[in-house]
Amino acid sequence: MKILLTGGMDGQVGWEIIRLAKSTSHQLIPLTRDQLDITHEESIHKAIEHHSPDIVINAAAYTAVDKAEEDHEIAYKVNRDGTLFLAQACNKHGIPLLHISTDYVFDGEKSTPYEVDDAPAPQSVYGLSKWEGEEYLRNELSQHIILRTSWVFGRHGNNFVKTILRIGSDRDELKVVADQQGAPTSAHSIAACLLELCDRYEQDKNLPWGTYHFTGSPESTWFEFAQSIFSEGKKLGLLDHDVKVLPINTEDYPTLAKRPANSRLSMQLTKSRLKVETPNWKNDLVEVLQYLKG
Ligand SMILES: NC(=O)c1ccc[n+]([C@@H]2O[C@H](COP(=O)([O-])OP(=O)(O)OC[C@H]3O[C@@H](n4cnc5c(N)ncnc54)[C@H](OP(=O)(O)O)[C@@H]3O)[C@@H](O)[C@H]2O)c1
């Protein structure tokens with residue numbers, strides 16, 4: 001099957017899709033931002049007409065969460081308008097769109113994991129731009145899957161794992177926020193899930209269309225995630241010393257964008273309807289650290 005991928009090559013998830021697709025029978029057409037800027041409506045139509053894919057995966061997004069507070073325009077252009085243009089083009093050509101969204105569509109005030117239909121209340125420009133992108137997609141194209149994920153890390157691109165390792169390499173202790181709950185999710189597991197959905201679409205010419213959550217297990221805090229990175233990193237020889245992680249509160253680490261205190265996303269619907277299981281981020285973390293060790 002022919003899959004057109006936006007945000008390919010340089011993005012965390014796009015890069016993993018390209019890597020994993022090599023061992024499938026699918027013909028992947030990965031397009032970088034230079035090759036297909038999703039904010040250019042006309043270019044999207046041209047790309048779809050030129051390549052005539054069977055399905056589109058959108059891994060392109062504006063993901064600079066703090067910068068988005070100042071760069072409103074570009075965040076909305078990419079995350080909202082770009083998603084709309086893709087949805088309209090897919091609708092016109094009768095093809096489905098697999099899209100990725102975020103835990104930041106919620107305000108984090110709930111005390112239990114968020115269900116897919118819980119009321120959205122984005123607290124940041126990034127969260128709102130992603131929510132509006134979701135809404136435009138749902139209204140425009142019935143044949144879609146939206147996977148809301150959280151705390152993405154992987155082999156390629158910038159992420160918390162690499163930042164923490166870099167900072168820890170010349171320190172004995174590090175303060176990390178401990179009052180935000182969520183779940184790390186590997187780019188690898190998101191890519192594998194999206195490709196699995198492509199397999200199923202190829203076979204059945206159908207999917208249980210809709211919005212789902214896809215996050216790793218077990219639940220964690222950034223503090224616990226950092227502890228795991230240091231302990232596994234030390235075991236693998238990526239660090240030659242112990243780094244003590246000190247828990248702090250969000251108010252002690254001010255950022256431009258407000259983050260939800262509770263980022264936990266329920267996988268209930270994903271398991272029961274989409275028939276996709278929760279990936280274990282701890283296993284994926286070891287795999288990423290092994291890769292980084294080289
Ligand atoms: N990272 C996280 O922690 C996280 C958490 C929850 C949800 N998500 C969602 O997961 C998805 C994948 O995230 P990621 O971590 O893989 O993001 P990423 O590493 O920032 O990659 C995003 C990709 O999109 C490309 N891009 C940006 N603007 C574009 C445009 N106008 N047209 C085409 N491509 C464009 C970027 O290209 P350049 O490199 O050239 O800018 C980059 O290759 C996104 O939808 C994101 O919102 C991510």
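Mentor: A residue is called buried when its relative accessible area is under 20%, exposed when that area is over 50%, and partly exposed in between. Please keep in mind that this is a predicted model.

Trainee: Is Pro 30 buried, exposed or partly exposed by that rule, and where does Pro 30 lie?

Mentor: Pro 30 has a relative accessible area of 22%, so it is partly exposed. Pro 30 belongs to strand 2, residues 27-31. Its C-alpha atom is 7.1 Å from that of Ile 18, and the two residues are 12 apart along the chain.

Trainee: What does the rule give for Glu 16?

Mentor: The relative accessibility of Glu 16 is 1%, so Glu 16 counts as buried. This residue is placed in helix 1. Glu 16 and Pro 254 are separated by 238 residues in sequence, and their C-alpha atoms are 32 Å apart in space.

Trainee: Let us turn to the ligand. Which residues come nearest to the ligand?

Mentor: There are 24 residues around the ligand, and those that come nearest are Arg 33, Asp 37, Thr 63, Tyr 126 and Lys 130. By class, this shell holds 11 nonpolar, nine polar and four charged residues.

Trainee: Which polar atoms of the protein lie by oxygen atoms of the ligand, and how much of the ligand is buried?

Mentor: One should look at the distances between N or O atoms. An N or O atom in the side chain of Lys 130 is 2.7 Å from an oxygen atom of the ligand. For Arg 33, a polar side-chain atom lies 2.9 Å from a ligand oxygen. With Gln 12 the partner is a polar backbone atom, at 3.0 Å from an oxygen atom of the ligand. As for the area, the ligand taken alone exposes 910 Å², and the protein buries 83% of that.

Trainee: Which elements give two or more residues to the shell around the ligand?

Mentor: They are helix 1 (12-21), strand 4 (97-102) and helix 4 (125-140). Strand 4 gives the most, with three residues.

Trainee: How does one compare the length of a helix with what is expected, taking helix 3 as the case?

Mentor: One multiplies 1.5 Å by one less than the number of residues. Helix 3 has 22 residues, 72-93, and should therefore span 32 Å; its end C-alpha atoms are 31 Å apart, which agrees.

Trainee: Where is the kink in helix 3 centred, and what follows just after the helix?

Mentor: The kink is about 30° and is centred on Asp 81. Just after helix 3 comes Gly 94, with a positive phi of about 65°.

Trainee: Which side chain makes a polar contact with that of Asn 79?

Mentor: The partner is the side chain of Ser 129, at 3.1 Å. Asn 79 lies in helix 3 and has a relative accessible area of 2%, so it is buried.

Trainee: What can be said of Ser 186 in the same manner?

Mentor: Ser 186 is part of strand 9, residues 185-186. Its relative accessibility is 1%, and therefore Ser 186 counts as buried. The side chain of Ser 186 is in polar contact with the side chain of Asp 284, at 2.6 Å.

Trainee: How should the backbone angles be read?

Mentor: Most residues other than glycine have a negative phi, and most peptide bonds are trans. Departures from this pattern may then be examined one by one.

Trainee: What is the phi of Trp 151, and is this residue buried or exposed?

Mentor: Trp 151 is not a glycine, yet it has a positive phi of about 45°. It lies in the loop between strand 5 (144-149) and strand 6 (152-153). With a relative accessible area of 7%, Trp 151 is buried.

Trainee: What are the phi and the accessibility of Lys 205?

Mentor: Lys 205, also a residue other than glycine, has a positive phi near 55°. Its place is the loop between helix 6 (187-204) and strand 10. Since its relative accessibility is 53%, Lys 205 counts as exposed.

Trainee: Is the peptide bond from Ser 217 to Pro 218 cis or trans?

Mentor: That bond is cis, with omega near 0°. Pro 218 is in the loop between strand 10 (210-213) and strand 11 (220-221).

Note on methods:
Residues are numbered from 1 along each chain as its sequence is written. This is a predicted model: local features need pLDDT of at least 70, side-chain atom pairs count only at pLDDT 80 or more; totals for chains, interfaces and linings use all residues. Side-chain values use heavy atoms; hydrogens and water are left out. A residue is near a molecule or strand if one of its heavy atoms lies within 4 Å of it. A polar contact is a pair of N or O atoms within 3.5 Å; within protein, one must be able to donate a hydrogen and the other to accept it, and residues adjacent in sequence count only if both atoms are side-chain atoms. Accessible areas come from the Shrake-Rupley method with a 1.4 Å probe; for residues, only the protein chains shown count as cover. Helices (H or I, at least four residues) and strands (E, at least two) are DSSP runs, numbered from the N terminus. Ala, Val, Leu, Ile, Met, Phe, Trp, Tyr, Cys and Pro count as nonpolar, Asp, Glu, Lys and Arg as charged, and the others, Gly among them, as polar. The bend at a residue is the angle between axes fitted to the seven residues ending there and the seven starting there. Buried means under 20% relative accessible area, exposed over 50%, partly exposed in between (1.4 Å probe, protein chains only).
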